[in-house]
Structure formats: structure tokens, C-alpha cells
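Biologist: Please take me through one part of this model in detail. I want chain B: its sheets, its domains and what they touch.

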Amino acid sequence: MGIELCSWGDMDYFLQQLVNGLTLGSIYGLIAIGYTMVFGIIGMVNFAHGDVFMLSTFISVIVLLILTQILGISSIALALFLVLIAAMVLTALWNWAIERVAYRPLRGSFRLAPLISAIGMSIFLMNFVQVVQGPRNKSVPPLMTDLLVIPIGTSNITISLKQIFIMATTALLLAAFWYVVQKTSLGRAQRACEQDRKMAALLGIDVDRTVSITFVLGAALAAVAGVMYVVQYGVVNFSDGFVPGVKAFTAAVLGGIGSLPGAVLGGLLIGLIEVMWSAYFSIDYKDVAAFSILAIVLIFMPSGLLGKPDVEKV
Amino acid sequence: MEQRGGTILAVEHLTMRFGGLLAVQDLSFSVERGQITALIGPNGAGKTTVFNCITGFYRPTQGRIALTNGTPLSRPLLDRLTGSSLRHLREGTNEVFLLERMAGHEITAKAHVARTFQNIRLFSGMTCLENLLVAQHNALTRASGYSVLGLIGAPSWRAAEARSIERASAWLERIGLIGRADDPAGDLPYGDQRRLEIARAMLTDPVLLCLDEPAAGLNPRESAALSALLRTIRDADGVSILLIEHDMSVVMEISDHIVVLEYGLKISDGSPESVRDDPKVIAAYLGVDDAEVAGAEAELDATVAGRST
């Protein structure tokens with residue numbers, strides 16, 4: 001599917017790119033939720049979140065190789081399911097520990113302190129993985145390479161099985177996550193802390209624990225994105241956290257930081273813009289396109305697409 | 001008075017200093033169980049500072065704030081607790097808490113003190129019902145086995161959730177807001193928000209309810225509804241109330257006991273009648289009248305004249 005094959009009016013080419021864009025956007029959206037939730041509850045941009053995502057890709061690769069090479073599990077579906085669970089749990093534990101060590105002691109300090117600590121944590125995670133896993137790319141054999149050809153009118157669009165897997169899993173986990181935040185006591189406590197931490201504490205809610213849970217949930221979703229990334233690209237590197245991290249942060253800001261549906265919407269939009277720009281214009285300038293649209297949206301809608309205007313709390 | 005008697009909250013020699021400012025000076029008073037106690041005084045008298053000390057927002061510079069849960073305050077137990085480094089002590093049915101040693105969320109969860117603020121602090125983006133459910137978070141968290149059971153929708157958690165929705169609905173019924181259960185709390189009229197806030201505080205199962213100017217900004221009809229609500233909380237729910245209020249019609253109507261502060265010092269303490277007739281209180285609120293000022297000036301002149309001769 002090279003650029004030279006494209007012709008402007010082709011519907012099937014457009015649909016093909018739509019599928020590709022939504023796949024990439026799902027991954028960004030999952031990471032963006034972690035940024036937006038942490039910002040919502042403690043007003044901090046967690047710069048290490050992209051590296052937490054990178055960590056989860058390594059966890060996925062290691063667990064996948066253990067399952068398939070050492071334990072000899074031949075069913076890819078079962079292996080991926082186990083990888084997903086293991087990556088979510090282990091990454092969540094990491095992020096829980098990071099919050100305890102690097103951010104909680106600085107709460108109540110000046111505003112920039114946790115931010116600087118997050119940058120430090122980002123550098124630490126990158127170097128830690130580089131030292132432990134080596135600086136070279138790690139790869140896994142291609143997974144779920146089956147293609148599904150859907151006839152549309154006179155032509156076909158091709159969807160690989162892994163794209164369906166990525167979109168379906170994302171949709172399912174987002175629905176589960178939405179249920180947790182909207183319908184459970186845990187989610188209510190989380191939303192209450194987001195609005196007014198002091199008042200929530202006065203109603204007997206343990207704010208520290210709620211913040212920990214927020215980090216755990218954010219990391220679990222980043223780990224889902226990590227598994228998807230491994231399935232999609234099959235290659236991981238210690239420096240792979242930075243660019244997706246920045247893109248996902250952009251997605252969170254585009255959607256309106258603090259808003260969960262906004263994070264998903266922003267992720268999908270950034271993914272689509274990137275893919276569509278590469279498909280129709282130039283692959284070299286895809287990032288320029290994504291960030292320009294961010295800048296334009298923020299000029300006209302400073303609080304993002306779905307964000308609420310900032311109301312001063314008194 | 002057999003069941004009502006006994007001190008529930010004893011504030012002793014409370015001093016709060018902010019740099020060079022003495023906001024509260026050596027203040028002692030007590031709140032009796034089953035009574036409505038009002039803390040009044042001109043602006044800047046230190047009333048809210050006292051509240052902030054009781055509810056763990058400020059750590060007092062000096063003094064002791066003791067709360068008992070259930071039985072009358074036991075002095076020997078309190079003395080033993082003060083001598084130790086513990087935050088609370090239980091002996092049989094007697095349990096005493098030292099609030100100045102506790103953090104905000106512990107004061108609500110363990111000592112069962114609830115409070116509201118001068119400005120409304122509902123979770124305005126959440127619905128009325130959700131606001132009341134958040135207040136029951138602790139009970140629900142326990143029922144949900146710290147949320148693992150809750151996440152998978154276990155029956156024990158569902159039952160607890162149903163119970164808390166029932167309690168919340170009963171309160172919404174009581175404050176006349178059942179029809180607006182699913183509306184965002186921020187959309188309610190001001191008076192309704194005040195009552196919803198009190199209902200939310202009550203759902204944390206307090207033994208002592210601290211209200212900071214609950215009648216501020218209410219019209220006379222809303223004030224009357226508030227007074228009625230506070231009386232039923234005292235009489236039907238058996239919860240003791242400590243309130244700060246400027247609206248004297250509300251204070252005089254519902255209070256059993258009034259403490260008056262001025263410049264951080266207690267100037268009067270007693271029944272509404274005795275406080276109303278106390279010359280120091282009248283002077284603090286109305287200023288000293290002209291005749292007295294004239295008298296003081298004359299006295300001063302005489303002294304100065306006496307000195308110069």
C-alpha cells in the first residue's frame with residue numbers, strides 16, 4: 001500500500017486508512033486516559049507515563065516469550081490473554097510503586113516538584129530498561145497475521161486480524177473502565193477527589209489510596225496499549241515510550257485534559273490525522289500535521305474539545 | 001435529660017496562632033450531647049478557626065480537643081490518653097478521641113465528626129444521589145472487600161449498594177429533593193444545595209455535626225425549613241450540633257447553648273436568654289453606646305487633668 005497507488009477518490013482506500021487510523025488511535029487513547037486521570041485528580045502532568053507504557057511493552061514481550069518458548073503454549077489467543085493480564089498487573093504494580101516513591105512524598109510541596117520528579121522518573125525508567133534489557137530492538141515473531149478481506153461495492157478493504165483484536169479489546173476494556181468510574185463506589189470516590197480533594201477527605205474518603213488507585217488504573221490501561229503495540233509492530237525499544245507518550249499527552253490535551261471521553265476522542269483523532277496525512281499528503285510531516293491541529297484547536301477552544309472551562313475553586 | 005446529658009466535645013485551652021496573630025486565645029467550652037450549641041461572634045472573632053481545629057484542618061498551637069463516642073466523657077480515660085502518644089483510647093464502652101492529633105479523614109471516619117463550610121462544597125458535577133452515596137463510601141468499601149468484590153459485582157456488594165441507595169433516597173425524601181435525585185447538584189437552587197450538603201454530612205453517620213453558617217444567604221422561608229431540619233436532626237437522629245451562625249433569629253430559635261467569641265476570646269457562654277442579656281455581648285455586637293463613650297472620655301480627661309496638676 002504505497003503512496004503511488006493512491007488515487008484521490010477511492011472510497012476503499014479511505015476506509016482502509018480509517019481502519020488503520022482507528023487502530024493507532026486506540027493505542028493513543030488508552031495511554032491518554034492515564035495522563036488525563038492523573039491530571040484530573042492531582043493536577044500533575046505525569047511525564048513518566050509514556051515510559052510506563054514502554055515498560056509494559058517489555059513486560060509483554062518477556063511474558064509472551066516465556067509463555068510460547070519456555071512453557072510451549074501454542075494457542076495464540078490464550079497466550080495473548082495471559083500476556084494482557086500479566087502486563088496489566090505488573091505495570092500497575094510498577095506505577096503504584098512509582099507514585100509511592102516519587103510523587104506522594106512531594107504532595108503538598110510546591111507545584112513544580114512532582115513534575116520535576118516525573119521527568120526524573122521518566123529518565124530513570126528509560127535508562128533502567130536500557131541497562132537491564134540492552135539498547136537493541138527486541139522483537140517477537142509476527143502475531144495474528146491472518147487477513148480479513150471485506151468486499152465493499154466493487155472493491156475490497158483488508159483488515160488484519162490483529163487490527164480487529166486491537167479495536168475490539170480496546171472497546172471492551174474502555175467499556176469496563178467506564179463502568180468502574182461511573183457505577184462503582186470506587187469510581188465515585190475517584191470523581192469526588194477530582195472535584196474537591198479536601199471535601200472528599202472530610203467525607204471519610206482516603207484520598208491517598210484513591211490517588212494510588214488512579215495510578216494503578218492508568219497503568220493498567222497503558223499496559224493494554226503496550227500489548228496492542230507489541231501485537232501491531234512486534235518490535236520494542238527502551239526509547240519507544242517518548243513519542244507515543246507525547247502523542248498521547250497531546251491527545252489528552254486535544255480532548256480536554258481531565259475528561260475521560262475527551263482522552264479517547266483525542267486519541268482517535270490524533271491517530272486518524274496522522275494516518276490520513278501520511279496516506280494523502282506526506283509521511284514526513286505527519287507529526288507536524290497532528291501538532292498543528294492541536295495548536296489550532298487550543299487557540300479556539302482553550303480547554304480542549306470536551307474539557308470544561310476552568311472554574312476557580314474557592 | 002437522662003439520655004441527653006454529658007459532654008460530647010470538650011475544647012480546653014485552645015490557642016491558635018498564625019505568626020503574630022492570635023486567632024483563638026485560651027478558649028474552653030463544651031458541647032453537650034443531644035443539644036444544639038451555637039458559636040457566635042462578630043466577623044473575625046475566630047469562629048471558623050475553631051471549626052478548622054476541631055475538624056483537623058489546622059493543628060492547634062496549644063490546647064486539647066476531646067471527643068467521646070457513645071458514653072459521657074470519662075475524665076480518667078481522657079487523662080490517660082493525653083499522657084500517651086495515642087490518638088484514641090477505648091475502655092469498655094468508653095471511647096475518647098483527641099482530635100488535635102488526628103488527620104481530617106480520620107476525624108470523620110473514626111471519631112464521626114462531620115462538617116460543612118461557609119461556601120457550598122457539593123460535588124457540583126455529580127448528581128444529588130451520587131453526592132449522598134460518596135458520603136457512604138467507607139461502608140461500601142468495607143462491603144466490597146476493598147473494591148475487588150465490587151468490581152466484579154459480588155452479591156454482598158450489591159446488597160450494600162442497594163442499602164446505601166435506600167438511605168440516600170430516604171434523606172432526599174426528607175429534604176424534599178427526591179424528584180431531583182439524578183440532576184447535577186450544582187443545578188439546584190441555593191437553599192436546596194444547603195440542605196443537600198447537610199444530608200450528605202449526616203450520611204457519614206456523625207455523632208457531632210459542625211455547620212459553618214448554614215443559614216447564610218437563605219431567605220426567611222428557607223431559614224425556617226433549615227431550623228426545622230436541624231431540630232429533627234437533634235431530636236429524631238440524636239445527633240449533637242455545633243453551629244456558627246450570624247442569623248440571630250435562627251440562633252435564638254434553635255440553640256440550647258450559645259458561646260460568644262470576640263477577638264479570639266470567649267466573652268460569654270450560656271443559655272440563649274442569658275447570652276442575649278449579657279452586656280458584654282451587646283457591646284461586642286452593637287458597639288458601646290454614646291453615653292458610655294462620653295462617660296469614658298470624661299474619666300480620661302479627669303485623669304489627664306489630675307496628672308498635669
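Modeller: What follows is a walk through chain B, from its domains to its sheets, its core and its contact with the other chain. Keep in mind that this is a predicted model.

Start with the division. Chain B splits into domain 1, residues 7-111 + 207-277, and domain 2, residues 122-204. Domain 1 is thus written as two stretches of sequence, and domain 2 as one. Between the C-alpha centres of the two domains of chain B lie 26 Å.

Now the contact between these domains. Domain 1 of chain B brings 12 residues to it, and domain 2 of chain B brings 10. On the domain 1 side, the elements of chain B that give two or more residues are H3, strand S8 (208-212) and helix H9 (220-235). H9(B) gives the most on that side, with four residues. By type, the domain 1 side has eight nonpolar residues, two polar and two charged.

S8 leads to the six-stranded sheet of chain B. Its order is S7-S8-S9-S3-S10-S11; the sheet is open and the pairing mixed. At the edges are strand S7 (113-115) and strand S11 (265-270) of chain B, each paired on one side only. Neighbouring strands here are turned by 15° against each other on average, direction ignored.

Look inside this sheet. Strand S3 (residues 36-40) of chain B runs parallel to strand S10 (residues 257-262) of chain B, and four bridges join the pair. Within that pair, B:Ala38 stands opposite B:Ile258 of S10(B). H9(B) packs on the sheet and touches S3, S8 and S9 of chain B. The direction of H9(B) makes about 145° with that of S9(B). So H9(B) has two roles in this account: it packs on the sheet, and it gives residues to the side of domain 1 of chain B that touches domain 2 of chain B. Helix H1 (residues 47-54) of chain B lies across S3, S7, S8, strand S9 (240-244) and S10 of chain B. H1(B) runs at about 145° to S8(B).

Next, the five-stranded sheet of chain B. This open sheet has the order S2-S1-S4-S6-S5, with antiparallel pairing. Strand S2 (21-32) and strand S5 (88-91) of chain B are the edge strands. The twist averages 15° from one strand to the next. S5(B) pairs with strand S6 (residues 94-98) of chain B in the antiparallel sense, over four bridges. There, B:Leu89 stands opposite B:Val96 of S6(B). Helix H2 (residues 75-83) of chain B lies across strand S4 (62-68), S5 and S6 of chain B, at about 40° to S6(B).

Then the core. The largest nonpolar core holds 163 residues. Those with the most contacts inside it are A:Val224, A:Ala225, B:Leu132 and B:Leu209. Helix H8 (residues 207-233) of chain A gives the most to this core, with 16 residues. Both domains of chain B give residues to this core, so it lies between them. Leaving out residues up to four places away in sequence, A:Val224 touches A:Leu30, A:Leu84, A:Met88, A:Thr169 and A:Leu173.

Last, the contact between the chains. Chain B puts in 24 residues and chain A 19 residues. On the side of chain B, helix H3 (104-109), helix H4 (128-134), helix H5 (137-143) and helix H6 (148-151) each give two or more residues. That side divides into eight nonpolar residues, 13 polar and three charged.

Methods: Residues numbered from 1 in each chain as written. Chains lettered and ligands numbered in written order. Predicted model: local features only at pLDDT ≥ 70, side-chain atom pairs only at ≥ 80, totals over all residues. Pairing = 2+ DSSP bridges. Axes fitted to C-alpha atoms, helices over the stretch in contact; angles between N-to-C directions. Contact = placed C-beta atoms within 7 Å. Nonpolar A, V, L, I, M, F, W, Y, C, P; charged D, E, K, R; others polar. Domains from an automatic or database assignment. Core = buried A, V, L, I, M, F, W, Y, C linked by C-beta atoms within 7 Å. Buried ≥ 20, exposed ≤ 12 C-beta atoms within 10 Å, placed from the backbone.
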